[in-house]
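Thanks for sharing this one. Here are my notes, point by point, with the model open beside them.

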2 protein chains.
Amino acid sequence: MIKIGEFSKVVQVPVATLRYYDQVGLLKPIEVDRFTGYRYYSASQLPRLHRILALKGLGFSLEQIGLVLAEGLTPEQMRGMLRLRHAQISQQLAEVQSQLLGVEARLQQIEKEDKISTYDVILKQVEPLLVASVRAILPNHSAVGALFGEVYAAMGAHVSEALGPHPENGGQTLALCYDTEFKENEVDGAAAFMLRCRVPERGRMKVHELPAAAMAATVHHGSYNTIGEAHEAILTWIDANGYRIVGPDREINLYHTMPIRLDDPSYVTEIQYPVEKIGTGNE
Amino acid sequence: MIKIGEFSKVVQVPVATLRYYDQVGLLKPIEVDRFTGYRYYSASQLPRLHRILALKGLGFSLEQIGLVLAEGLTPEQMRGMLRLRHAQISQQLAEVQSQLLGVEARLQQIEKEDKISTYDVILKQVEPLLVASVRAILPNHSAVGALFGEVYAAMGAHVSEALGPHPENGGQTLALCYDTEFKENEVDGAAAFMLRCRVPERGRMKVHELPAAAMAATVHHGSYNTIGEAHEAILTWIDANGYRIVGPDREINLYHTMPIRLDDPSYVTEIQYPVEKIGTGNE
DNA sequence: CTTGACTCTCAAGCGACTTGAGGGTTTATA
DNA sequence: TATAAACCCTCAAGTCGCTTGAGAGTCAAG
């Protein structure tokens, strides 16, 4: 029969925490003075507390620990809990590891350039996307602008099926680059509009569905002249964070007006590269 | 100028979260309708949100992210934040990894014995400990009981310096085992009392300080006959969790009465083995 | 003009504690 | 024996990053 303060010292658990465990019913003192409310513990409670600390150390919630302590579960149920927890921890491990890589990449970047990067790359899942597009070999990157005109013309009255708040004066456009390495000329690119439903194809304009994918993405704000930096930033990130490019990259503009003017400084472009984690390949 | 719902879809962040970011000042809409309170966002806010998501992905708190977004910090400060975070993540990584090992160990144990273990092993730091002890080669493990009598006698009037609530009828005792491998006889063991201050030595009774250490510990409740199981459990744990024994183990009894009676079924014994993580050796 | 989808604010809830205010009890010392 | 220091009590609120829900107002299509 010892008081809470001494028990606290023996088991190295703060007094407040012991009171909390009492409150939630996890570890009740063997006796509570009816008049003063003083809590009294005994050495015989050590095994129970040890179990609490052990399970807490494995990351179980107090509620789950309560279940285990109630002794009402079979070994089979216990196995189930452990397997579930195992899965959770594995996932958490992957997350923490990628955080570590991410922080290290940022540190490297800041060591090299001695300034905080303009571009922030994040990983996001995108859903399958229906598009109307024209693909062609272009003399240079800027030439993609002309392709948008072609798509626009080919759609005709179906422009209203293009995604965006006001299709006439601001839709969502998408430029794709199929080259697997950087090229100044003979760029294999495409211009596309996002669709809410299928429209008839016409000429070089085809309709197809871009697949769902995990994307490394960043946002470029300003004219296209400096968009190369954004691509560079994203490629550096992909390398430093242990990913690999697995398809054509996309340049997405929300709320473009037609015709496209590549030097508009108010443009906001999201650049996406489909990626997969190295070492998780499905080949 | 788009409404919160559509912005939410584009950036894949829940509406409630956007409202929350508005509330805490992390991302204010570019415009709020004075009459309806409707929030309006624009594509130009994408870079800011991207930065928020990127930093959140590295595990920074919203408060820290707010600081970064305020642009008021130098690259040097940013480096500092990143290094700090790096240290935190490394620690978290170690913790998650040991959780994974721990869960796997428990799963193995339950697969093998098909019951939930009686013993829960935890890791704890113990502080340096002043003890009065008698060390000797003993014919068997139970013989340590006699040594306690010798310590008790050697302390004489200084018994009052022994730790525990009432030194006469219940003190804290400690049995040490210096063998590096299990022995049935010729056990190199010691019996000790914990002291609050130094007392004079007498005969075989010596006073010295046990070093601080990280301990793998468990609690045995009941007579000494079955204490072997507790040792076994702890040794299995040490192996499965990637630790190594680095010193003599301790058996600690809180609130022993003198003389020691080894078959008392109400005894509670904490068993500790000093350990270090394999791969973190200081040699 | 209705319907249904969307938006607003404000309050409370989550988990595992921690902190603090305000007040009673025990114990060691003067 | 008085008193100070150490210890104990309860209850309430704060932490973080949202999430959920109630109740009410707004907007766009049919």
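1. Let me start at DNA strand C, where a polar backbone atom of Leu62(A) sits 3.4 Å from a phosphate oxygen. Polar contacts here are pairs of N or O atoms within 3.5 Å; within protein, one atom must be able to donate a hydrogen and the other to accept it, and residues adjacent in sequence count only if both atoms are side-chain atoms. For Thr17(A), an N or O atom of the side chain is 2.8 Å from a phosphate oxygen of DNA strand C. From chain B, Arg39(B) brings a backbone N or O atom to 2.8 Å from a phosphate oxygen of DNA strand C.

2. A word on conventions: this is a predicted model, in which local features need pLDDT of at least 70 and side-chain atom pairs count only at pLDDT 80 or more, while totals for chains, interfaces and linings use all residues. Residues are numbered from 1 along each chain as its sequence is written, chains are lettered from A and ligands numbered from 1 in the order in which they are written, and side-chain values use heavy atoms, leaving out hydrogens and water.

3. Which residues come nearest to DNA strand C? Of the 19 around the strand, they are Thr17(A), Tyr21(A), Gly5(B), Arg19(B) and Arg39(B), where near means a heavy atom within 4 Å. Of the strand's atoms that come within 4 Å of the protein, 80% belong to sugar and phosphate.

4. Now the protein interface: 60 residues of chain A are in contact with 61 of chain B, contact meaning heavy atoms within 4.5 Å. About 5,500 Å² is buried between chain A and chain B, 69% of it from carbon and sulfur atoms; this is the accessible area (1.4 Å probe) lost on putting the two parts together, summed over both.

5. The rule finds 8 salt bridges across the interface of chain A and chain B, each a side-chain nitrogen of Lys or Arg within 4 Å of a carboxyl oxygen of Asp or Glu. One pairs Asp120(A) with Arg51(B), the closest N and O atoms being 2.6 Å apart.

6. On symmetry, a turn of 180° and a shift of 0.0 Å along the axis lay chain A on chain B with an RMSD of 0.2 Å (least squares on C-alpha atoms of residues with pLDDT of at least 70 in both copies). That is the relation of a two-fold axis. The same surface serves both copies, as 100% of the contact residues of chain A recur in chain B. Within chain A, Leu93(A) comes closest to the rotation axis, its C-alpha being at 3.5 Å.
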